[in-house]
Amino acid sequence: MATLLAILNNKGGVGKSTLAVHAAAWLAERGLRVVLVDADAQASSSEWLARAAPEVRAVRCDTSAHLNKALVGLATAADVLVADGPAALSAESAVLAAAADLVLLPIGPSMMDVNASYHTARLLHRVRIQVHRSARPHVWVVMNRVQIRTRLAQVARAAAIKYGFPVTRGYLGLRQAYAEACGRGTVVWRMSDAGHCAAPEIQRLFEETVGALVARPVSTPRTLPAAAVPTMPPRVDSCLPLEAPDVCPLPFGARVGESSSSRYPRRDRPADAGRAAGRTVNSGGPAARAQINVCAEQ
Ligand SMILES: Nc1ncnc2c1ncn2[C@@H]1O[C@H](COP(=O)(O)OP(=O)(O)O)[C@@H](O)[C@H]1O
Ligand SMILES: [Mg+2]
């Protein structure tokens with residue numbers, strides 16, 4: 001079974017496609033059978049990869065149903081599926097979050113970027129709690145466009161840590177090479193001139209995160225039963241943050257003072273556990289309409 005590495009963030013421009021193309025090329029160069037699953041309507045990563053690593057297959061998926069089907073179909077056709085997520089909190093991002101083994105959550109170096117990533121962090125926590133009831137998917141936050149030693153970078157990193165996922169030691173600096181690699185249809189480690197700073201830093205990042213796949217691909221069932229594949233509720237803003245301190249992203253702003261202990265079911269309270277289990281995922285409907293019922297406990 002292929003390992004699914006999903007690059008997710010509802011915010012655009014944070015480096016998802018950059019990471020997806022580089023990760024796909026990096027893993028393929030190390031002998032793994034890689035397929036890029038491009039779930040972004042802009043299709044920039046599949047077009048980029050077609051030039052940078054034409055030997056790596058790329059599959060475009062524009063609907064959650066198509067995505068679900070592709071994940072099932074590719075389960076045995078590859079060692080690693082690298083999925084480039086859409087720049088939105090959509091049915092496609094929810095399918096990827098639920099099916100992923102590993103997630104990279106790239107975040108830009110400002111509080112605005114960190115705050116804008118909140119919805120994806122919360123989706124990932126909800127998938128862990130409500131769908132898998134485990135620490136799956138494994139999530140790494142990756143800081144991007146970092147200008148090291150600036151206060152901005154430090155503040156953003158400190159804030160991103162509050163989402164409750166490990167923040168990688170590796171990061172991507174703010175470098176023209178990444179934009180240039182896209183324009184040239186290549187990856188930074190093949191740009192001997194312009195890529196001399198970018199190449200070691202992105203390789204360090206991959207060694208830290210997906211490096212283990214090269215030796216030992218994670219093997220888990222590729223997709224969830226159709227009824228368990230979530231889509232996001234239509235009004236995300238009306239939903240409350242998660243509670244459990246060990247897995248919960250710390251909410252920003254107005255939500256910080258909210259006391260949630262009486263409002264959220266806890267798995268250590270049997271009645272709540274049963275209630276939560278019964279309500280977490282709608283059953284019966286088609287995959288694309290199944291829903292993590294994030295508002296149900298309110
Ligand atoms: N570390 C970086 N330094 C400079 N430019 C970057 C960096 N990471 C990404 N970019 C550029 O930012 C733009 C958005 O990146 P992209 O990977 O397409 O983001 P997303 O897929 O999240 O929308 C692209 O032009 C890309 O080349
Ligand atoms: Mg993109």
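**Exercise 1.** Is aspartate 101 buried or exposed, and how many other C-beta atoms lie within 10 Å? Work out the answer, and then place this residue in the chain of the predicted model.

*Solution.* Begin with the count, which for aspartate 101 is 22 other C-beta atoms within 10 Å. The cut-off for a buried residue is 20 or more such atoms, and therefore aspartate 101 is buried. Next, look along the chain, where aspartate 101 sits in the loop between α4 (91–99) and β5 (102–107). Finally, compare sequence with space: aspartate 101 and valine 139 are separated by 38 residues in sequence, while their C-alpha atoms are 8.6 Å apart.

**Exercise 2.** Determine how many residues of β5 are buried, and find out which strands pair with β5.

*Solution.* Start with burial, for which the count in β5 is six of its six residues. Then sort these residues by face, remembering that in a regular strand the side chains alternate between the two faces of the sheet. On one side of β5 are Leu102, Leu104 and Pro106, on the other are Val103, Leu105 and Ile107, and all of them are buried, so that both faces are covered. Turning to the partners, strand β1 (residues 3–7) pairs with β5 in the parallel sense over three bridges, and within this pairing isoleucine 7 has leucine 104 as its bridge partner. Strand β6 (residues 138–143) also runs parallel to β5, to which it is joined by six bridges, and here leucine 102 has histidine 138 as its bridge partner.

**Exercise 3.** Carry out the analysis for strand β4 (residues 80–84), and explain why it is described as largely enclosed.

*Solution.* The first step is again the count: five of the five residues of β4 are buried, and therefore the strand is largely enclosed by the rest of the structure. The second step is to separate the faces, with Val80, Val82 and Asp84 on one side and Leu81 and Ala83 on the other, all of them buried. The third step is to look for pairing: β1 and β4 are parallel and share five bridges, with leucine 4 matched to leucine 81. β2 and β4 likewise pair in the parallel sense over five bridges, and in this case valine 34 stands opposite valine 80.

**Exercise 4.** Describe helix α6 (residues 118–132) by its span and its burial, and then follow the chain from its end towards β6.

*Solution.* Take the span of α6 to begin with, since its 15 residues reach 20 Å from the first C-alpha to the last, which is close to the 21 Å expected at 1.5 Å a residue. Of these 15 residues 13 are buried, so the helix is largely enclosed by the rest of the structure. Directly after α6 comes arginine 133, which has a positive phi near 50°, and this residue belongs to the loop between α6 and β6. Arginine 133 has 13 other C-beta atoms within 10 Å and is therefore partly exposed. Proline 137 is found in the loop between α6 and β6 as well, and the peptide bond that leads to it from arginine 136 is cis, with omega near 0°.

**Exercise 5.** Find where alanine 43 lies, and state what is noted about its phi.

*Solution.* First locate alanine 43 in the loop between β2 (34–38) and α2 (44–52). Then read the backbone angle, a positive phi of about 55° in a residue that is not a glycine. Lastly, count the surroundings: alanine 43 has 17 other C-beta atoms within 10 Å, and so it is partly exposed.

**Exercise 6.** Characterise the shell of residues around ligand 1 by its nearest members, its classes and its helices.

*Solution.* Of the 17 residues around ligand 1, those that come nearest are Lys16, Ser17, Thr18, Tyr178 and Ala179. Sorted by class, the shell contains seven nonpolar, seven polar and three charged residues. As for the helices, α1 (16–29) and α8 (176–184) each contribute at least two residues to the shell.

**Exercise 7.** Decide over which residues pLDDT stays under 50, after summarising the protein as a whole.

*Solution.* The protein has eleven helices and six strands, and 46% of its 298 residues are buried. Its average pLDDT is 79, and 72% of the residues score at least 70. Over residues 221–298, however, pLDDT stays under 50.

Definitions and conventions
Residues numbered from 1 in each chain as written. Chains lettered and ligands numbered in written order. Predicted model: local features only at pLDDT ≥ 70, side-chain atom pairs only at ≥ 80, totals over all residues. Helix = DSSP H or I, 4+ residues; strand = E, 2+ residues; numbered from the N terminus. Buried ≥ 20, exposed ≤ 12 C-beta atoms within 10 Å, placed from the backbone. Near = placed C-beta within 6 Å. Nonpolar A, V, L, I, M, F, W, Y, C, P; charged D, E, K, R; others polar. Pairing = 2+ DSSP bridges. Expected span 1.5 Å × (residues − 1). pLDDT = per-residue confidence, 0-100. Contact = placed C-beta atoms within 7 Å.
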